[in-house]
Amino acid sequence: MLDIKGYAMFKRIDPIQKGMSSDKKYYIETTTNEKLLLRIADISRYDKKETEFEVMQRLAESGVSMPRPIEFGICDNGKSVYTLLTWYDGEEAETVLPKLPETMQYVLGVSAGRILRKIHDIPAPTDLEPWESAFNRRVEQVINLYKTVA
């Protein structure tokens, strides 16, 4: 992590344990009080992560409300790839939604649908894995994760 561009500006680095991604995730605060999300993956995932970063750039440019991609590169002496994003403060939907009135849940659902519409308006990369195999692989990962936790 020491070889990440801008690392000297990181004054706080907190690991994030949530999520199902195999990426290592960190909440970062800089010396200028900027809040960031750092994601680190194995270098074997370089091509996938580079494509992901490019797609996030296109989505951000189109106005999708999301963490903005800042930087992508190689770190850990060539063993890892990193993505640096802006941080979004907030609470997890699975915690907050059940506490909200149904009308607000509906309004948020409609809003999420509009955002999803914007996402689907952007053409997918041509070298992307077919959706069905990616989905099935992801479902298998989730099932295996549940088996190890249970």
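**Aromatic pairs, a buried glutamate and a nonpolar patch**

In this predicted model, Tyr27 has a relative accessible area of 11% and is therefore classed as buried, the limit for that class being under 20%. Trp87, by contrast, has a relative accessible area of 28%, so that this residue counts as partly exposed.

These two residues also belong to the aromatic contacts of the chain, for which the count comes to 4 pairs. The ring centres of Tyr27 and Trp87 lie 4.7 Å apart and their planes meet at 75°, and because planes over 60 degrees apart are classed as edge-to-face, the pair is given that name. As to where the two partners sit, Tyr27 is part of strand β2, which covers residues 24-30, while Trp87 is found in the loop between β5 (80-86) and α2 (93-96), so the pair ties together parts of the chain that are 60 residues apart in sequence.

A further aromatic pair is formed by Tyr46 and Phe72, whose rings are 5.2 Å apart from centre to centre, with 55° between the planes, an arrangement that is classed as tilted. This pair, too, links distant parts of the chain, since Tyr46 lies in helix α1 (residues 46-61) and Phe72 in strand β4 (residues 69-75), the two being 26 residues apart. With regard to solvent, Tyr46 is partly exposed, having a relative accessible area of 25%, whereas Phe72 is buried, with a relative accessible area of 18%. Tyr46 and Phe72 are joined by Phe53 in one aromatic cluster.

Strand β2, which holds Tyr27, also contains Glu29. The glutamate is buried, because its relative accessible area of 14% falls under the 20% limit. Once the neighbours within four places in sequence are left aside, the residues in contact with Glu29 are Met9, Phe10, Lys11, Arg12, Glu34 and Lys35.

The last feature to consider is on the surface, where Leu97, Met104, Tyr106, Val107, Leu108 and Val110 make a nonpolar patch of about 520 Å². One of these residues, Val110, lies in helix α3, which runs over residues 102-121. Val110 has a relative accessibility of 30% and therefore counts as partly exposed.

Technical notes
Residues numbered from 1 in each chain as written. Predicted model: local features only at pLDDT ≥ 70, side-chain atom pairs only at ≥ 80, totals over all residues. Heavy atoms only, no water. Patch = residues over 30% accessible without salt bridge, like charges linked within 9 Å, V, L, I, M, F, W, Y side chains within 5 Å. Areas by Shrake-Rupley, 256 points an atom, 1.4 Å probe, with all protein chains shown as cover. Salt bridge = Lys/Arg side-chain N within 4 Å of Asp/Glu carboxyl O. Helix = DSSP H or I, 4+ residues; strand = E, 2+ residues; numbered from the N terminus. Buried < 20%, exposed > 50% of the residue type's maximum accessible area, 1.4 Å probe, protein only. Phe/Tyr/Trp six-rings, centres within 6.5 Å; stacked < 30°, edge-to-face > 60°. Contact = heavy atoms within 4.5 Å.
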